[in-house]
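Q: I'd like to zoom in on one part of this protein and see what surrounds it. Could you walk me through it in plain words?

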Amino acid sequence: MSYLKNIDPQIYRVIRNEISRQEDNLELIASENFASLAVLEAQGSVLTNKYAEGYPRRRWYGGCEFVDDAEQLAIERAKDLFAAEYVNVQPHSGTQANMAVFFCALKFKETILAMDLSCGGHLTHGHPHNYSGMFYNVVAYGVNKKTQMLDYDEIEKLALKFKPKLILAGASAYSREIDFKRFRAISDKAGAYLFVDMAHIAGLVAAGIHPSPVGFADFVSSTTHKTLRGPRGGFIISKNKFARKLDSLVFPGIQGGPLMHVIAAKAVAFAEAKTKEFKAYQEQVVKNARQFCESLKNKGFDIISGGTDTHLLLVDLSSRNINGKLAQELLQKANITVNKNLIPFDKLSASITSGIRLGTAAVTTRGMKEKEIALIADFIDRAVKNRDNPQELAKIKKEVLDLTGKFPLYPELKNNG
Ligand SMILES: *Cc1c(COP(=O)(O)O)cnc(C)c1O
């Protein structure tokens, strides 16, 4: 970064600081990951200079022959990876992918049935301050109070009662396998479109560890930067019959020029996701999440639904007499990064919460396995017990630094800075 260092030392500093932060912290935010150097190189390339409104071979600008190749590769690789008929790789984010799907499937004010935010749904699944909540009539389904898992009979009842035009499956904080076949059956009975938002689990789906929604859902959306470990962005999968409408809703409907550097990086990530190393990685991600549940349960923590089938787990802190906000702040003092999270039927507000959400995608990318996860669970337990003991928290932080030091973010760069 020698040019940046000379020309803009302030931003250079910011990036340096962020590199150190990522190196020195245990990243347990379930929606985060560390993209490969190949992804970073594609994303940091001159492709950012190019305007390419339109789609490959039908652009509004000249000079698109090479970025066309990048987008074509991204599309073909995503189709191959997810056995998809149609893919659009232009959405700048998961939120925009979802917006295009909503606009494609629905008229304003029509009814959607989606997962309640406090049970794990995403902002774009009907939050009143998001377009999804502003433009549509939202009916929410939750989880069963006892099992804390999806209750398909209950979802079916709601679907038959409210006759939504679209049923949305997928979540940001739900740790269990989702039965897409059952969702399809419910949608058919209710005469609704089925839309699956697989933003969190796309990497698991790509690796065949979580069942794929493709084939069951009319629309599938995703991000590329969570378990899929690509650049920050979104994409859409659907049947060919929606291809034209979705294309024109993404551009010119809701976006202008596509981010060709990001699309190239998406292509790289889709290729990486085809490898056997990626499959082994995703298997380890789930093993680590299961180990995390076991280790935390052994320390007396309550895990929502009692466990996990994915990369994430939701910890109910109520019995440990600490809320999510305080736990997040406390753990940050020990260089452990987590986010506070509502738990099903939470009695506290969204800005305080009774839980934290933990994910293993990022630490597994660093090479950590069950042994390290058990150690991290121990750090968390000790931090919670010693919340008023700065010396002990400093000691935990030192142990975290010992651990992160053994698992460099980009070991390929170790010897050349
Ligand atoms: C992260 C996420 C999104 C949105 O992704 P952004 O890229 O942040 O807009 C959408 N849906 C679900 C379920 C998510 O977890």
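Leaving aside its neighbours within four places in sequence, which residues is Pro213 in contact with?

A: Happy to, with one thing to keep in mind: this is a predicted model. Once you skip the neighbours within four places in sequence, Pro213 is in contact with Phe180, Val196, Met198, Val205 and Val220. Let's use that list as a map and work outwards.

Start with the spot itself. Pro213 sits in the loop between α9 (202-206) and β9. Is Pro213 buried or exposed? Its relative accessible area is 0%, and the cut-off for buried is under 20%, so Pro213 counts as buried. There is also a link to a part of the chain further back: Arg184 is 29 residues away along the chain, yet the C-alpha atoms of Pro213 and Arg184 are separated by 9.4 Å.

Now follow the contact with Val220. Val220 belongs to β9, where Val220 and Ser222 point one way while Phe219, Ser221 and Thr223 point the other. You might guess that one of those two faces is open, but the residues on both are buried. Put as a tally, five of the five residues of strand β9 (residues 219-223) are buried.

What stands beside β9? On one hand there is strand β8 (residues 193-197), which runs parallel to β9 and is joined to it by three bridges. If you want a pair to click on, Phe195 stands opposite Phe219 in β9. Val196, another contact of Pro213, falls within the residue range of β8. There is also strand β10 (residues 234-238), and here the pairing with β9 is antiparallel, over five bridges. A pair to look for this time is Ser221 with its bridge partner Ile236 in β10.

Step back a little and you can see the whole sheet. It is an open sheet of seven strands with mixed pairing, in the order β4-β10-β9-β8-β7-β5-β6. The edge positions go to β4 (86-88) and β6, which have a single partner strand each, so one side of each is left without a neighbour in the sheet. On average, neighbouring strands in this sheet are turned by 20 degrees against each other, direction ignored. At the β4 edge, the partner is β10: β4 and β10 run antiparallel and are joined by three bridges. Within that pairing, Val87 stands opposite Ile237 in β10.

Next, look at the helices lying across the strands. Helix α8 (residues 180-190) lies across β6, β7 (166-169) and β8, and runs at about 150 degrees to β8. Two residues you have already met are in the range of α8: Phe180, a contact of Pro213, and Arg184, the one from the C-alpha distance. Then there is α10, which lies across β4, β9 and β10 and runs at about 0 degrees to β4. While you're looking at α10, find Pro252, which is placed in this helix (residues 243-254). The peptide bond from Phe251 to Pro252 is cis, with omega near 5 degrees.

A couple of other backbone details are worth a click too. Gln148 is not a glycine, but it has a positive phi of about 60 degrees; you'll find Gln148 in the loop between β6 (137-141) and α7 (152-162). Arg57 isn't a glycine either, and its phi is positive as well, at about 70 degrees. Arg57 is in the loop between β2 (54-55) and β3 (58-59). Unlike buried Pro213, Arg57 is exposed, with a relative accessible area of 54%.

Finally, where does all this sit in the chain? The chain is divided into domain 1 (40-272) and domain 2 (279-408), so by its number Pro213 falls in domain 1. The centres of the two domains, taken over C-alpha atoms, are separated by 28 Å. Their contact takes 23 residues from domain 1 and 25 residues from domain 2.

So here's the picture to keep: Pro213 is a buried residue in the loop leading between α9 and β9, with contacts that include Val196 and Val220.

Technical notes
Residues are numbered from 1 along each chain as its sequence is written. This is a predicted model: local features need pLDDT of at least 70, side-chain atom pairs count only at pLDDT 80 or more; totals for chains, interfaces and linings use all residues. Side-chain values use heavy atoms; hydrogens and water are left out. Helices (H or I, at least four residues) and strands (E, at least two) are DSSP runs, numbered from the N terminus. Buried means under 20% relative accessible area, exposed over 50%, partly exposed in between (1.4 Å probe, protein chains only). Two strands pair if DSSP finds at least two bridges between them. Domain bounds come from an automatic or database domain assignment. Contact means heavy atoms within 4.5 Å. Axes are lines fitted to C-alpha atoms, for helices over the stretch in contact, and angles run from 0 to 180 degrees between N-to-C directions.
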